[in-house]
Structure formats: structure tokens, C-alpha cells
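These are my notebook entries on a predicted model. I record in turn what I looked up.

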Amino acid sequence: MKTCSACGAPRKLTGNHRWLSGGTIVEKSNPSHRMIFIENDNILEVFNLVEEMVGLSLERLVIESQRKATYDYVDTIVPSLARKIMRVTSYKPVVRSLVELGRTMGFGGISLLDLHIKRSEGDFVQLGIRDAYFLPGFCGTVAGAMEVVSGHECSVSYRETSPGYHEVTTSVSTHPRELVERLQWREYSNKPGNAALQVCPGCGGPEILADYDFDLAAGVISRRASGRRMVFNGPAEFEAILDELEGELGEDISRILIEAQRRFVKMGFYDTGEVQDTGMFRDHLALRGFGNLKDISFSGERLRVHLENPCLHLLLVGLVLGFFELVFKREGKVEWELAPGGDLTVEVTPA
Ligand SMILES: [Zn+2]
């Protein structure tokens with residue numbers, strides 16, 4: 001895989017995505033599809049905390065939502081003509097290319113172990129993965145991608161064959177995929193803004209990616225200064241999981257999610273110095289694709305944040321609340337509003 005000689009980021013990554021002035025990351029070929037670049041532990045911990053709070057395993061829900069979301073995503077990146085051709089020639093090249101894409105995104109050390117697709121019962125694809133970023137999410141991704149490739153419904157299972165290494169098998173059923181309901185995608189706002197990240201002269205991606213290490217063989221991206229693992233993913237996938245969770249449990253998932261993110265931030269994961277410097281905080285959010293910081297003000301004991309084009313806004317609300325509590329060293333009370341145009345305002349005052 002080619003990397004940029006100036007910043008070291010994979011060309012496939014900076015070539016296929018755009019970091020826009022509105023603080024968003026979008027796919028070049030499908031600008032309505034947003035992406036985020038997020039600390040892996042943030043995903044894992046928030047799901048762990050939500051599971052703890054609702055007292056249920058979310059694994060099945062995560063696999064199902066991710067399967068539906070990936071189907072829609074891969075459906076746009078693998079042209080229908082290519083699919084028709086491979087169905088009469090070979091599936092291997094496209095499966096290999098998806099495996100490579102997964103490693104570029106930081107999903108883990110993925111390899112193709114076995115593949116049997118003869119368009120009959122018993123067809124399957126088996127992948128190995130070392131250090132999966134989020135195993136249920138990965139399983140859903142594999143099943144969804146395979147549904148696009150095969151045109152049929154797929155199920156998925158996994159087993160850990162040695163510590164940190166899983167074999168993930170997706171089995172292709174004989175039911176055509178067309179019958180399955182599609183995911184309702186959330187529409188995000190995308191106003192131009194002032195979140196201009198410095199551009200790398202080598203590849204056109206954000207220059208700040210030079211602070212990250214891309215181990216493409218291991219499928220692991222990490223921030224050099226902190227050693228924290230990062231991953232690229234779609235926010236809509238997570239929003240879909242949360243919507244389904246709300247539908248199934250009928251609980252106030254907003255409250256639970258804000259609380260989970262607040263607890264996560266209070267574990268001391270993020271650098272509070274970054275938040276108190278407006279420019280750094282704006283860059284931090286824009287690099288991750290979370291939106292454009294319009295304004296942040298600390299006045300007296302009040303923290304107020306105004307953000308355009310947010311995604312996963314409940315995590316952002318929890319983030320601001322957690323930061324308030326870290327900076328002021330006291331409990332906060334949060335109020336927030338997501339305006340019809342998509343702007344998010346969050347205000348925290350002492351509880
Ligand atoms: Zn570059």
C-alpha cells in the first residue's frame with residue numbers, strides 16, 4: 001500500500017476522503033457519507049458503559065446495525081458492473097481489496113483465510129483478524145460487505161483461536177439481499193466553516209496526520225504522542241445502533257449516552273489543555289470530523305460551546321460536560337439544543 005512521503009498517511013485514505021472547512025470528513029466519491037476519526041477506546045468504553053447501565057449485551061444489536069450500514073456504504077463503493085463481472089469470474093480480488101481497505105481504516109490485522117463462493121448453499125468467506133478494533137462492529141462489517149459482493153443475505157460468527165486473534169466466518173444464504181430493509185440514514189448538515197486544517201503538500205490530506213503512525217500490516221493507527229489507537233468509521237453506523245437501542249429498550253438513551261461519555265472523559269483520556277485553547281480544540285474536532293467549533297466561552301463558572309455540523313451529538317454533549325468537570329473540578333449540569341439547521345449548543349453550569 002502506498003503512503004505519502006510527506007505525512008506518512010496511506011494514499012488510499014487521504015485520496016478517498018476530504019476534510020472540509022465545516023469540520024467534517026466525507027468520502028470523495030459520495031460526499032453525503034460522513035466519516036469520523038476517533039480514539040478506539042472511546043467506542044469501546046462507551047459501549048461497555050452503556051451495556052453496564054442498561055444491563056444487556058449489545059453484541060447482537062451492534063452486529064445487525066453495522067451489517068445494514070455497511071451494506072449501504074459498500075454498495076456505493078463497489079460499482080454494480082464490477083459486481084456482475086466478479087460473479088462470473090472471481091470474488092477474490094474484490095474481497096482482497098476490501099480487506100486492504102479495512103487495514104487502512106485501522107480495523108486490525110485482517111487477512112483472507114478461506115473463500116468458497118460457487119453461488120450455492122454452503123458458500124462462505126473466512127477472515128482472520130488480530131487486534132480487532134471492535135469485534136461486534138467488525139463482524140457486522142464483514143457480513144454487510146459480503147452481502148454486497150454476493151448479492152445474498154449473510155450471517156456471521158466468530159471464534160477466538162488464540163489470544164487477540166479471531167476467525168470470523170460469514171455464511172452466504174440463498175435468500176436474495178434485496179428483500180432486507182435498508183437503513184434510515186441520518187441527514188447531517190454540512191455548512192462551510194472556518195475549520196481549515198493545514199494541508200499536506202504531498203497528498204492533500206490534513207498535515208497533522210503526520211502525528212499519527214499508520215501500521216498498515218497490523219491495521220493499527222495510533223497517535224504518537226499518546227500511543228492511543230485510532231480508527232476511521234462512519235458516525236451514521238453508530239447513530240443507527242443507538243436509534244435501534246432506543247427503539248428496543250424504549251429507554252432514554254440520550255441520558256445514558258451523555259452519562260457514558262462524561263464518565264469516559266473523566267477517566268482522563270483527553271487533554272484538557274487542548275480544550276482551553278480554542279484553535280487547538282477546533283483542529284481536534286475537525287481532524288476527527290465532529291464538526292466546526294464556532295464558539296467556546298468560559299465565563300465565570302459557565303462553559304458554553306457552539307458547534308456547526310455536529311455528528312454523534314450526544315457524545316459531544318457528554319464530552320463538553322466531562323471537560324467542564326475536569327477543568328472546574330466540580331459537578332456540572334448540562335443543557336443542550338440541536339437546532340433545526342443542525343447547530344449544536346451546549347451549556348454547562350455548576351450542578
Ligand atoms: Zn500527506
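**Entry 1: a six-stranded sheet**

I looked first at strand 2 (residues 25-27) and strand 3 (residues 34-39), which run antiparallel and are joined by two bridges. Within this pair I found isoleucine 25 opposite methionine 35 in strand 3. I then followed the sheet outward: it is open, has six strands in the order 1-2-3-10-9-8, and is paired in antiparallel fashion. At its edges I noted strand 1 (17-19) and strand 8 (212-215), each of which pairs on one side only. From one strand to the next, the twist averages 35°. As background I wrote down that strands of a sheet pair through backbone hydrogen bonds, either parallel or antiparallel.

**Entry 2: a four-stranded sheet**

I next examined an open sheet of four strands, ordered 11-12-14-13, with antiparallel pairing. Strand 11 (292-299) and strand 13 (332-338) are the edge strands, each pairing on one side only. Neighbouring strands here are turned by 10° against each other on average, direction ignored.

I asked myself how many bridges join strand 12 to strand 14. I counted five between strand 12 (residues 302-308) and strand 14 (residues 344-350), and the two strands run antiparallel. Strand 13 is joined to strand 14 by seven bridges, and this pair also runs antiparallel.

I then took glutamate 347 as a reference point in strand 14. Arginine 304 stands opposite glutamate 347, and glutamate 335 has glutamate 347 as its bridge partner. Strand 13 and strand 14 form a hairpin with five residues between them. In the turn I noted glycine 342, which has a positive phi of about 105°.

**Entry 3: alanine 9**

Alanine 9 lies in the segment before helix 1 (11-16). Is alanine 9 buried or exposed? I found 23 other C-beta atoms within 10 Å of alanine 9; the cut-off for a buried residue is 20 or more, so alanine 9 counts as buried.

I also listed its contacts beyond four places in sequence: alanine 9 touches Thr3, Cys4, Thr14, Cys203, Gly205, Leu209 and Phe214. Alanine 210 is 201 residues away from alanine 9 along the chain, yet their C-alpha atoms are separated by 7.1 Å.

**Entry 4: helix 2 and helix 8**

Two packed helices are described by the angle between their axes and the distance between the axes. For helix 2 (residues 40-54) and helix 8 (residues 253-266), I recorded an angle of about 125° and axes 9 Å apart. The two helices are therefore oblique to each other, and their crossing is right-handed.

I looked up which residues meet. Helix 2 contributes Asn42, Glu45, Val46, Leu49, Val50, Met53 and Val54. Helix 8 contributes Ile256, Leu257, Ala260, Gln261, Arg263 and Phe264.

**Entry 5: the nonpolar core**

In soluble globular proteins, nonpolar side chains tend to be buried together. The largest nonpolar core of this model has 90 residues. Which of its members touch the most others? I found Phe138, Val142, Met146, Val231, Leu257, Leu316 and Val320. Helix 11 (residues 313-328) gives the most to this core, with nine residues.

I noted that Leu257, listed in this entry, is also one of the helix 8 residues that meet helix 2. Finally I followed phenylalanine 138, which touches Phe107, Ile129, Ala132, Tyr133 and Val168, residues up to four places away in sequence not being counted.

Definitions and conventions:
Residues numbered from 1 in each chain as written. Predicted model: local features only at pLDDT ≥ 70, side-chain atom pairs only at ≥ 80, totals over all residues. Core = buried A, V, L, I, M, F, W, Y, C linked by C-beta atoms within 7 Å. Buried ≥ 20, exposed ≤ 12 C-beta atoms within 10 Å, placed from the backbone. Contact = placed C-beta atoms within 7 Å. Pairing = 2+ DSSP bridges. Axes fitted to C-alpha atoms, helices over the stretch in contact; angles between N-to-C directions. Parallel < 35°, antiparallel > 145°, perpendicular 65-115°, else oblique. Left-handed = near helix turned anticlockwise from the far one by under 90°.
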